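This report goes through a single protein chain, from its overall make-up to its sheet, one residue and its internal spaces. The sequence and structure are shown first.

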Amino acid sequence: MKENPFQMITDMDAAPSYGNDRKDVMPVIERLEETGRKPAELFADAGCGSGENILQAYEHEVELTAPVNCGKAPDLNKMQLSDFETNEDCTQVVSCIRGHAPLECKVVDRGKAVEAVFPREHCLIREFLAICPLERIKGGNYRLKYKRKDIATSKRRLKQESHDFKERYKIRSGIEATISEADRVTGF
């Protein structure tokens with residue numbers, strides 16, 4: 001992250017603390033775009049971290065930095081969607097965990113999901129079949145079908161465990177302190 005001496009809050013939306021703020025990410029980005037203050041990276045709390053928000057922010061050329069704490073926890077005894085290499089917007093599978101490219105890959109379900117077909121000869125390693133999310137299809141090949149938001153969530157779960165992510169995300173504690181101080185001083 002490039003160091004910026006002017007870290008500031010550029011937008012806010014006061015809401016009850018019991019509310020769900022996942023739906024607030026895109027309105028914030030849109031307001032910032034309208035005022036010419038759209039950031040390259042937007043730090044948000046864990047309530048905003050979801051695959052859908054990550055992808056929507058990406059479409060607006062904003063990196064949403066927020067941990068994912070929604071959905072069910074991954075089964076670590078199985079391969080995760082993040083084990084498959086995809087492009088940034090999760091619309092193309094580049095390769096499987098063993099480095100093999102799919103025979104074909106297409107966006108389906110009105111852009112919300114992706115299907116990738118892998119040749120059977122690359123999928124017949126017994127130790128992987130039991131833990132792999134691929135399913136056998138007609139003709140003997142194997143298919144990976146996923147919702148784009150699910151793979152974005154899986155990738156974020158992996159990324160948020162990295163030292164780099166944790167270091168960069170520390171800025172949120174400063175934001176929380178600023179909000180707390182503003183509340184104590186002004187009672188807003």
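## Terms and model

Two strands are taken to pair if DSSP finds at least two bridges between them. Strands themselves are DSSP runs of E with at least two residues, numbered from the N terminus. The model described here is predicted.

## Overall make-up

The protein has six helices and eight strands. Their order along the sequence is α-β-α-β-β-β-β-β-α-β-β-α-α-α.

Of the 188 residues in the protein, 35% are buried. The accessible surface is about 12,000 Å², and carbon and sulfur atoms hold 51% of that surface. Among contacts with a separation of 6 or more, 55% are between residues 24 or more positions apart.

## The four-stranded sheet

An open sheet is built from four strands in the order 5-6-8-7, with antiparallel pairing. Strand 5 (104-108) and strand 7 are the edge strands, each pairing on one side only.

Strand 5 and strand 6 run antiparallel and are joined by five bridges. One of the bridge pairs here is cysteine 105 with alanine 116 of strand 6. Strand 6 (residues 113-118) also pairs with strand 8 in the antiparallel sense, over six bridges. Alanine 116 has leucine 144 of strand 8 opposite. Alanine 116 is thus named in two pairings, with cysteine 105 and with leucine 144.

## Strand 8 and its hairpin

In a regular strand, side chains alternate between the two faces of the sheet. Strand 8 (residues 142-147) shows such alternation: the side chains of Tyr142, Leu144 and Tyr146 point to one face and are buried, whereas those of Arg143, Lys145 and Lys147 point to the other face and are not buried.

Strand 7 (residues 135-136) runs antiparallel to strand 8, and two bridges join them. Across this pairing, arginine 136 stands opposite tyrosine 142. Five residues lie between the strands of the hairpin that strand 7 and strand 8 form, and glycine 139 there has a positive phi near 95°.

## Serine 95

Is serine 95, a residue of strand 4 (residues 93-95), buried or exposed? Serine 95 counts as buried because its relative accessible area is 10%, and the cut-off for buried is under 20%. Apart from neighbours within four places in sequence, serine 95 has contacts with Phe84, Glu85, His100 and Ala101.

## Cavity

The structure contains one cavity of 30 Å³ or more. The volume of the largest cavity is about 130 Å³. Its lining consists of Met79, Phe84, Cys96, Ile97, Arg98, His122, Cys123, Ile125, Phe128, Leu129, Cys132 and Leu134. By class, ten of the lining residues are nonpolar, one is polar and one is charged. Phe84 is one of the lining residues of the largest cavity and is also in contact with serine 95.

## Second largest pocket

The second largest pocket has 26 lining residues, and those nearest its centre are Lys72, Gln80, Asp150, Ser154 and Arg157. Two elements, helix 2 (51-59) and helix 4 (148-159), give two or more residues to this lining. Helix 4 gives the most, with six residues.

The volume of the second largest pocket is about 710 Å³. Its lining divides into nine nonpolar, seven polar and ten charged residues. In the lining of the largest cavity, the corresponding counts are ten nonpolar, one polar and one charged.

How values were computed:
Residues are numbered from 1 along each chain as its sequence is written. This is a predicted model: local features need pLDDT of at least 70, side-chain atom pairs count only at pLDDT 80 or more; totals for chains, interfaces and linings use all residues. Side-chain values use heavy atoms; hydrogens and water are left out. Buried means under 20% relative accessible area, exposed over 50%, partly exposed in between (1.4 Å probe, protein chains only). Contact means heavy atoms within 4.5 Å. Accessible areas come from the Shrake-Rupley method with a 1.4 Å probe; for residues, only the protein chains shown count as cover. On a 1 Å grid over the protein atoms alone, a cavity is a set of points where a 1.4 Å probe fits but cannot get out, and a pocket is an open set with protein on both sides within 12 Å along at least five of seven lines; lining residues have an atom within 4 Å of a point. Grid points are joined across faces, edges and corners, and a volume is the space filled by probe spheres set on the points. Ala, Val, Leu, Ile, Met, Phe, Trp, Tyr, Cys and Pro count as nonpolar, Asp, Glu, Lys and Arg as charged, and the others, Gly among them, as polar.
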